[in-house]
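Trainee: Could you take me through one part of this protein in detail? I would like to follow the strand pairing and the turns that go with it.

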Amino acid sequence: MCNAAFSQVPFFAGTAGNGNLYGYTSLKICTGHNSQETYSCLQYGIGDQIAVGADISANGDKAYWGTIVRWGKQICPYFGIGAQVTPALDLTDNLKYGHTTAALFLNGNITANGKLFWCSNTWSGINNDADNTISNWGYLGYSLKAGEGSITPMLGLEHDWKGEIDPDMLAGVYYSFGKWNVYLWGSDFINAKDDLRIVIGADFNLSVK
């Protein structure tokens, strides 16, 4: 089975910003399986450190609607911290409680110019009808000028804090232009063999004051 928890694009500590609307959507494909997933969210910034919103995810015959509460602060260029909680209801089962996802986001620059940086995402799932999960994605990234925007390749490692899944490699790239980012991501390069997981996504951050 293609695990819906893996191959997240990286999330950073900062929130949308006061009066800004952040949106993200993605399509996730598992090669070797007729298995596609979608995830989309909208978040609105209330002050510089808090955002609220909603998301929707679908995987096979299941679909969930969640409510997002997020906090984040870039303490200095070399360290930022954020957290998010998202309880979700099952759209295929009379809005029954499905799960709560909690996340811890850490990131910071390695070089003074900010081109080389690190990022860590820890995701925990408290599930109603399945085992609870807690996993981590850690990345190194390097940003390069590309025309009017920038291109950022990233390489990372995912691992399960419960020790039930072997570590695996993550790799991806995103292109930034104006208020938009476009993502191409992948995981399960080592453990899943012919079941590579690919994510195509895009996000934006727009002022709606």
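Mentor: Happy to; here is a walk along the run of strands that starts at β5, with the whole protein as background.

A word on the source: this is a predicted model, in which local features need pLDDT of at least 70 and side-chain atom pairs count only at pLDDT 80 or more, while totals for chains, interfaces and linings use all residues. Residues are numbered from 1 along each chain as its sequence is written, and side-chain values use heavy atoms, with hydrogens and water left out.

First the background. The protein has zero helices and 13 strands; helices (H or I, at least four residues) and strands (E, at least two) are DSSP runs, numbered from the N terminus. Its radius of gyration is 17 Å, close to the 17 Å that the globule rule gives for 209 residues, so the protein is as compact as a globular protein of that length. That radius is taken over C-alpha atoms, and the globule rule is 2.2 Å times the number of residues to the power 0.38. The C-alpha trace spans about 45 × 40 × 30 Å along the principal axes. Of the 209 residues, 41% count as buried (buried means under 20% relative accessible area, exposed over 50%, partly exposed in between, with a 1.4 Å probe and protein chains only).

Now the part you asked about. Two strands pair if DSSP finds at least two bridges between them. Strand β5 (residues 79-90) runs antiparallel to strand β6 (residues 96-109), and eleven bridges join them. Within this pair, Val85 is opposite Ala102 of β6. The hairpin of β5 and β6 has five residues between the strands.

Two residues of that loop deserve a closer look. Asn94 lies in the loop between β5 and β6 and has a positive phi of about 55 degrees, although it is not a glycine. Leu95, in the loop between β5 and β6 as well, has a positive phi of about 60 degrees and is not a glycine either. For context, most residues other than glycine have a negative phi. Asn94 also counts as exposed, at 76% relative accessibility.

Moving on, β6 pairs with strand β7 (residues 116-127) in the antiparallel sense, over eleven bridges. Here Thr101 stands opposite Gly125 of β7. Six residues lie between the strands in the hairpin of β6 and β7, where Gly114 takes a positive phi near 80 degrees.

Next, ten bridges link β7 to strand β8 (residues 133-142), again in the antiparallel sense. Phe117 has Gly141 as its bridge partner in β8. The hairpin that β7 and β8 form has five residues between them.

From β8 the pairing goes on to strand β10 (residues 149-160), antiparallel over seven bridges. In this pair Asn136 stands opposite His159 of β10.

One contact links this part to an earlier strand. Gln43 lies in strand β2 (residues 35-46) and is buried, with a relative accessible area of 3%. Leaving out residues up to four places away in sequence, the residues that Gln43 touches include Ile68, Arg70 and Gln84; a contact means heavy atoms within 4.5 Å. Over the whole protein, residues 24 or more positions apart account for 45% of the contacts with a separation of 6 or more.
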